[in-house]
Amino acid sequence: MARIAKIAAAGFIGTIGLLFFLDNLFNLESAYSVVSFVISGTEQPYYKILGPVVTSSWLTWLALFTIMTGELTVGVLGFLGAFRMIQQRSASADAFNASKFYAIIAGAMGMLVWYGFFVVLGEAYFHMWQTEVGLGSVEGAFRYGSVCAVLMFYISTRSD
């Protein structure tokens, strides 16, 4: 039963990544608008951004592309991990544990995307927490990064 739960956990990580990638892809102009709003730093009412902000359109597209690439990577690796684990679900403990590699990388990548990009860069550097749009993104990113972290640690526990 634990193996099935770990396979499902990898599938959940993959689903989170893929759905957010598709959400941004199908709402590309809105996603661009939000990223542009945050990284331009023009609406920060309390603290001013200490370093440079981004006002270039192509850099904004690059930032959005980086986010979306990270989300897609989380999705693909999560599903690949689940698939590999399904293939080894009846194998020895060592073989099953080895099959978790991509699922664990997917969870780590999810932490990088949602903690690294949104919490560290977005919240700490661009002060996303100061605006309603930014705060919503940070709160969501914290949830998604936390889900990826918890599931990654669960998947990585040794299975017998």
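This passage walks through the fold, the ring contacts, the charged pair and a few individual sites of a predicted model.

Start with the overall picture. The chain contains six helices and zero strands, so in order from the N terminus the elements simply read α-α-α-α-α-α. Laid along the principal axes, the C-alpha atoms take up a box of roughly 55 × 25 × 20 Å. Of the 160 residues in the chain, 41% are buried. Contacts reach a long way along the sequence: among those between residues at least 6 apart, 81% join residues at least 24 apart. The accessible surface of the chain adds up to about 8,700 Å², and carbon and sulfur atoms account for 70% of that.

Helix α5 is a good place to look inside. Its buried residues are Ala103, Ala106, Gly107, Gly110, Val113, Trp114, Gly116, Phe118 and Gly122. The cover over these residues includes α1 (2-26), α3 and α6 (132-156). The helix α5 also has a kink of about 35°, and the kink is centred on glycine 116, a residue that is itself on the buried list. Just past the end of α5, histidine 127 adopts a positive phi of about 55°.

The rings come next. The model has seven aromatic pairs. One of them brings together phenylalanine 20 and tryptophan 114, with 6.0 Å from centre to centre and 65° between the planes, an edge-to-face arrangement. That pair connects distant parts of the chain, since phenylalanine 20 sits in helix α1 and tryptophan 114 in helix α5, 94 residues apart. Burial splits the two partners: phenylalanine 20 counts as partly exposed because its relative accessibility is 25%, whereas tryptophan 114, at 2%, counts as buried. Tryptophan 114 also pairs with tyrosine 144; the ring centres are 6.0 Å apart and the planes stand at 70°, so this pair is edge-to-face too. Here again distant parts of the chain are linked, with tryptophan 114 in helix α5 and tyrosine 144 in helix α6, 30 residues apart. Tyrosine 144 has a relative accessible area of 22% and is therefore partly exposed. Put together, ring pairs link Phe20, Trp114 and Tyr144 into a cluster.

Now for the charges. Side chains of opposite charge can pair when their charged atoms come close. The structure holds one salt bridge. It is formed by arginine 158 and aspartate 94, whose closest N and O atoms are 2.5 Å apart. Because arginine 158 lies in the segment after α6 and aspartate 94 in helix α4, the pair ties together parts that are 64 residues apart in sequence. Both ends face outward by the numbers: arginine 158 counts as exposed because its relative accessibility is 54%, and aspartate 94 is exposed with a relative accessible area of 52%.

Lysine 100 makes a nice contrast with that exposed pair. This lysine is in the loop between α4 (93-98) and α5 (101-125), yet its relative accessibility is 1%, so lysine 100 counts as buried. What surrounds lysine 100? Beyond its neighbours within four places in sequence, lysine 100 is in contact with Lys6, Met85, Ile155, Ser156, Thr157, Arg158 and Ser159. Arg158 in that list is the arginine of the salt bridge to aspartate 94.

Over on the outside, Leu18, Leu72, Val76 and Phe79 make a nonpolar surface patch of about 290 Å². Helix α3 (residues 57-87) contributes the most to the patch, giving three residues. Valine 76 belongs to helix α3, and at 47% relative accessibility it counts as partly exposed.

One more valine rounds things off. Valine 34 is in helix α2 (residues 28-40), and with a relative accessibility of 33% it counts as partly exposed. Setting aside residues up to four places away in sequence, valine 34 touches Val133 and Ser137. The C-alpha atoms of valine 34 and leucine 64 are 9.4 Å apart in space, while the two residues are 30 apart in sequence.

Technical notes
Residues numbered from 1 in each chain as written. Predicted model: local features only at pLDDT ≥ 70, side-chain atom pairs only at ≥ 80, totals over all residues. Heavy atoms only, no water. Helix = DSSP H or I, 4+ residues; strand = E, 2+ residues; numbered from the N terminus. Buried < 20%, exposed > 50% of the residue type's maximum accessible area, 1.4 Å probe, protein only. Contact = heavy atoms within 4.5 Å. Patch = residues over 30% accessible without salt bridge, like charges linked within 9 Å, V, L, I, M, F, W, Y side chains within 5 Å. Areas by Shrake-Rupley, 256 points an atom, 1.4 Å probe, with all protein chains shown as cover. Salt bridge = Lys/Arg side-chain N within 4 Å of Asp/Glu carboxyl O. Bend = angle between axes of the 7 residues up to and from the residue. Phe/Tyr/Trp six-rings, centres within 6.5 Å; stacked < 30°, edge-to-face > 60°.
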